[in-house]
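User: I've just opened this one up and could use a quick tour. Can we go through it in questions and answers?

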Amino acid sequence: MALTQQRGGPVAVDLTEAGLFAAVPRVEAFMDAYVASLALPRNLLEAVRYALLGGGKRLRPVLASHCCAAVGGDFEAGLPAAAAVEMIHAFSLAHDDLPALDNDDLRRGRPTLHIAHGHAMAILAGDGLMSLAFQMLAERCADPELAGRLSRELAIGNTAMIAGQVLDTLGGFDAGLDARARLEAVHRNKTGALIRAACRMGAIGGMWARGVDDALLATVTAYGEAVGLMFQIVDDLLDVEQTAEHTGKRTAKDEQAGKLTYPAVLGIEGSRKEIERLRQVARSAAETLGASAAPLATLADVMARRTK
Ligand code: GRG
């Protein structure tokens, strides 16, 4: 347990991996309670629960919680933001696993949503989760102006994610981009944009009561962009180096699908160097934020060395 000087006085910060992920049960309980409050057909609720409450690392809500704390916020203020990002993430996985996109049968160590609940339901539950993320922000943020601001951030991240998925699967790049630039465009949008949104939304929630400080938000954004891109490069390496038994999802898929990946363009060592460069960018943004961002610095290390 480290003692850090946080806005408002010294506080004990648990930098162990368990401590860094301590917000997960609270976010899951919040999402569970929200879903339980919905008047929807029972089969749709079951599919939504399967996609949303069936495991996962909960990295995006964890990032939102620590970005909230890094700017001096109380995590209760960041809870709707954290949950909304996870709902969009759950929708994206449900749709990404469909036969028309990645065609995956295994996710989080169990059958994907369309295998368990059928293709039509996977499409509809994914649609539902996307809509519910914004509905929940409107219903659970005490201040409607905050709900509007968070919805805008989330919509920007969601649209960029969809654009990244289009680039990755259907192309459509600006003319003249080399392989490295195309790769970065895919990764920054497909995966990085939602992680960036998680960080910004947590920080906005945390600063809302006293007013959003643009300089602090810019530093949080720099952190989010670095870990967002880094996350997908690590994911590319896991696809090459790990087994489905270990990760809980199919691996060795990118090469088969002819995907543009960091290992394919930069090689394994080049990818590792890029991960290390981005880890340092993230750590340096966390250091600029001060002692209250110590968990963000450690989280960048954890994300750089994750194996699932
Ligand atoms: C069809 C309207 C429509 C949109 C589709 C499918 C899609 C939009 C976007 C896909 C984006 C996507 C799935 C990117 C991959 C990001 C990624 C590496 C996800 C895995 O995240 P983890 O490792 O998963 O955090 P867990 O299971 O831990 O939550």
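User: Let's begin at the start of α10: which residue has a side-chain oxygen reaching to the backbone nitrogen of A215?

Analyst: Keep in mind that this is a predicted model. Helix α10 covers residues 214-241. At its start, the backbone nitrogen of A215 has a side-chain oxygen within 2.9 Å, and that oxygen belongs to D213.

User: How many of α10's residues are buried?

Analyst: Buried here means under 20% relative accessible area. The helix has 28 residues and reaches 40 Å from first C-alpha to last, close to the 40 Å expected. It's mostly covered, and the buried count is 21 of 28.

User: Where does the ligand sit? And which helix gives the largest share of the shell around it?

Analyst: The ligand is in the largest pocket. Helices α5, α8, α9 and α10 each supply at least two residues of its shell. With six residues, the largest share comes from α5.

User: Which residues come nearest to the ligand, out of the 18 around it?

Analyst: Some polar distances help set the scene. A ligand oxygen is 2.7 Å from an N or O atom in the side chain of H89, and R108 also has a side-chain N or O atom 2.7 Å from a ligand oxygen. For K57 that distance is 2.5 Å. The full set that comes nearest is K57, R60, H89, S92 and R108.

User: How much of the ligand's accessible area does the protein cover?

Analyst: On its own, the ligand has 740 Å² of accessible area. The share of this that the protein covers is 87%.

Definitions and conventions. Residues numbered from 1 in each chain as written. Predicted model: local features only at pLDDT ≥ 70, side-chain atom pairs only at ≥ 80, totals over all residues. Heavy atoms only, no water. Helix = DSSP H or I, 4+ residues; strand = E, 2+ residues; numbered from the N terminus. Expected span 1.5 Å × (residues − 1). Buried < 20%, exposed > 50% of the residue type's maximum accessible area, 1.4 Å probe, protein only. Polar contact = N/O pair within 3.5 Å; in protein donor to acceptor, adjacent residues only side chain to side chain. Near = heavy atom within 4 Å. Areas by Shrake-Rupley, 256 points an atom, 1.4 Å probe, with all protein chains shown as cover. 1 Å grid on protein atoms, 1.4 Å probe; cavity = no way out; pocket = protein on both sides within 12 Å on 5 of 7 lines; lining within 4 Å. Sits in = over half its atoms within 2 Å of the grid points.
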